[in-house]
Amino acid sequence: MQPIGFQDALEKVMQVDPTYDREAYCFLRDALESTLKRRKKTRKDTNGHVSAPELLEGFRLYCLQEFGPMTIMVLDQWNIRATEDIGRMVFNLVNAGVFGATEEDSVEGFRDVYDFDEVFSRPFRPSSTKLSGLPGMFVKTPQ
């Protein structure tokens, strides 16, 4: 039996669950590859398995790198609104035979890991404090 290619698997996933955009799955695959490369640079662990929190952190970093302040808009366009959505996508790809999972892995491991507004929008909001004596005037505070 030949291994299934990503595009063939994606066709099957889209037939079974068209909730998420096709580009979102390609981005998730790229985020996983980026996570594995980052792991290789920072430690000697060559185990290919990536935990849900590790994948979500890699996904977060990759989103910010690729989309910056537009991340929330892009994810919303793809129908991704919470970390659990990423988990559902992962397990759609697991069920299609593209991603692997251990017995301990589940969609629950992806639930409420971080808040999208907190990690994707907040870093781009200006910090401000009122200038003393000037009502309504703000100045950016040093980070």
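Here are some worked exercises on a predicted model of a protein chain.

**Exercise 1. Get the overall layout.**
Work out which secondary structure elements the protein chain has and in what order they run.

*Solution.*
Step 1: Count the elements. The protein chain has six helices and two strands.
Step 2: Walk along from the N terminus. You read α-α-α-α-α-α-β-β.
Step 3: Check the burial. Of the 143 residues in the protein chain, 36% count as buried.
Step 4: Look at the contacts. Take those between residues at least 6 apart in sequence, and 56% of them join residues at least 24 apart.
Step 5: Add the surface. The accessible area of the protein chain comes to about 9300 Å², with 52% of that belonging to carbon and sulfur atoms.

**Exercise 2. Dissect the core.**
Find which residues of the largest nonpolar core touch the most other members, and which helices supply the core.

*Solution.*
Step 1: Start with the hubs. This core holds 37 residues, and those touching the most other members are Tyr 25, Leu 28, Phe 59, Ile 80, Ile 86 and Val 90.
Step 2: Map the core onto the helices. At least two residues each come from H1 (6-16), H2 (22-42), H3 (52-67), H4 (71-77), H5 (83-95) and H6 (116-121).
Step 3: Pick the top contributor. H2 gives the largest share, seven residues.
Step 4: Zoom in on one hub. Skipping neighbours within four places in sequence, Leu 28 is in contact with Leu 55, Phe 59, Ile 86, Met 89, Val 90, Leu 93 and Phe 99.

**Exercise 3. Place Leu 56.**
Decide whether Leu 56 is buried or exposed, then list what it contacts.

*Solution.*
Step 1: Locate the residue. Leu 56 sits in helix H3.
Step 2: Apply the cut-off. Leu 56 has 0% relative accessibility, and since buried means under 20%, Leu 56 counts as buried.
Step 3: List partners beyond four places in sequence. Leu 56 is in contact with Thr 83, Ile 86, Phe 110, Val 113 and Tyr 114.
Step 4: Add a backbone distance. Ala 31 is 25 residues away from Leu 56 along the chain, and their C-alpha atoms are separated by 9.0 Å.

**Exercise 4. A charged side chain under cover.**
Work out whether Glu 84 is buried or exposed, and what it touches.

*Solution.*
Step 1: Find the element. Glu 84 lies in helix H5.
Step 2: Classify it. Glu 84 comes in at 15% relative accessibility, so it counts as buried.
Step 3: Name the partners. Leaving out residues up to four places away in sequence, Glu 84 touches Val 107, Phe 110 and Arg 111.
Step 4: Check the spacing. Glu 84 and Val 113 are 29 residues apart along the chain, with 8.2 Å between their C-alpha atoms.

**Exercise 5. Two loop residues with long-range partners.**
Determine how Tyr 20 and Met 70 are classed by accessibility.

*Solution.*
Step 1: Take Tyr 20, in the loop between H1 and H2. Its relative accessible area is 2%, so Tyr 20 is buried.
Step 2: See what surrounds Tyr 20. Beyond four places in sequence, the residues touched by Tyr 20 include Met 14, Tyr 25, Trp 78, Asn 79 and Ile 80. Tyr 20 and Ile 80 are 60 residues apart in sequence, yet 7.0 Å apart in space, C-alpha to C-alpha.
Step 3: Now take Met 70, in the loop between H3 and H4. With a relative accessible area of 43%, Met 70 is partly exposed. Met 70 and Ser 121 are 51 residues apart in sequence and 8.5 Å apart, C-alpha to C-alpha.

**Exercise 6. Hunt for positive phi.**
Describe the phi values of Asn 79 and Asp 112 and where these residues lie.

*Solution.*
Step 1: Recall the baseline. Most residues other than glycine have a negative phi.
Step 2: Asn 79 has a positive phi of about 75 degrees. Asn 79 lies in the loop between H4 and H5, and at 27% relative accessibility it counts as partly exposed.
Step 3: Asp 112 has a positive phi near 55 degrees. Asp 112 is in the loop between H5 and H6 and is exposed, with a relative accessible area of 67%.

**Exercise 7. Characterise the largest pocket.**
Find what volume the largest pocket has and which residues lie nearest its centre.

*Solution.*
Step 1: The volume is about 250 Å³.
Step 2: The lining has 19 residues, and His 49, Val 50, Val 90, Gly 100 and Asp 105 lie nearest the centre.
Step 3: H2, H3 and H5 are the elements giving two or more lining residues, and H5 gives the most, with three.
Step 4: By class, the lining splits into 11 nonpolar, six polar and two charged residues.

Note on methods: Residues are numbered from 1 along each chain as its sequence is written. This is a predicted model: local features need pLDDT of at least 70, side-chain atom pairs count only at pLDDT 80 or more; totals for chains, interfaces and linings use all residues. Side-chain values use heavy atoms; hydrogens and water are left out. A nonpolar core is a set of buried Ala, Val, Leu, Ile, Met, Phe, Trp, Tyr and Cys residues joined through side-chain atoms within 4.5 Å. Buried means under 20% relative accessible area, exposed over 50%, partly exposed in between (1.4 Å probe, protein chains only). Helices (H or I, at least four residues) and strands (E, at least two) are DSSP runs, numbered from the N terminus. Contact means heavy atoms within 4.5 Å. Accessible areas come from the Shrake-Rupley method with a 1.4 Å probe; for residues, only the protein chains shown count as cover. On a 1 Å grid over the protein atoms alone, a cavity is a set of points where a 1.4 Å probe fits but cannot get out, and a pocket is an open set with protein on both sides within 12 Å along at least five of seven lines; lining residues have an atom within 4 Å of a point. Grid points are joined across faces, edges and corners, and a volume is the space filled by probe spheres set on the points. Ala, Val, Leu, Ile, Met, Phe, Trp, Tyr, Cys and Pro count as nonpolar, Asp, Glu, Lys and Arg as charged, and the others, Gly among them, as polar.
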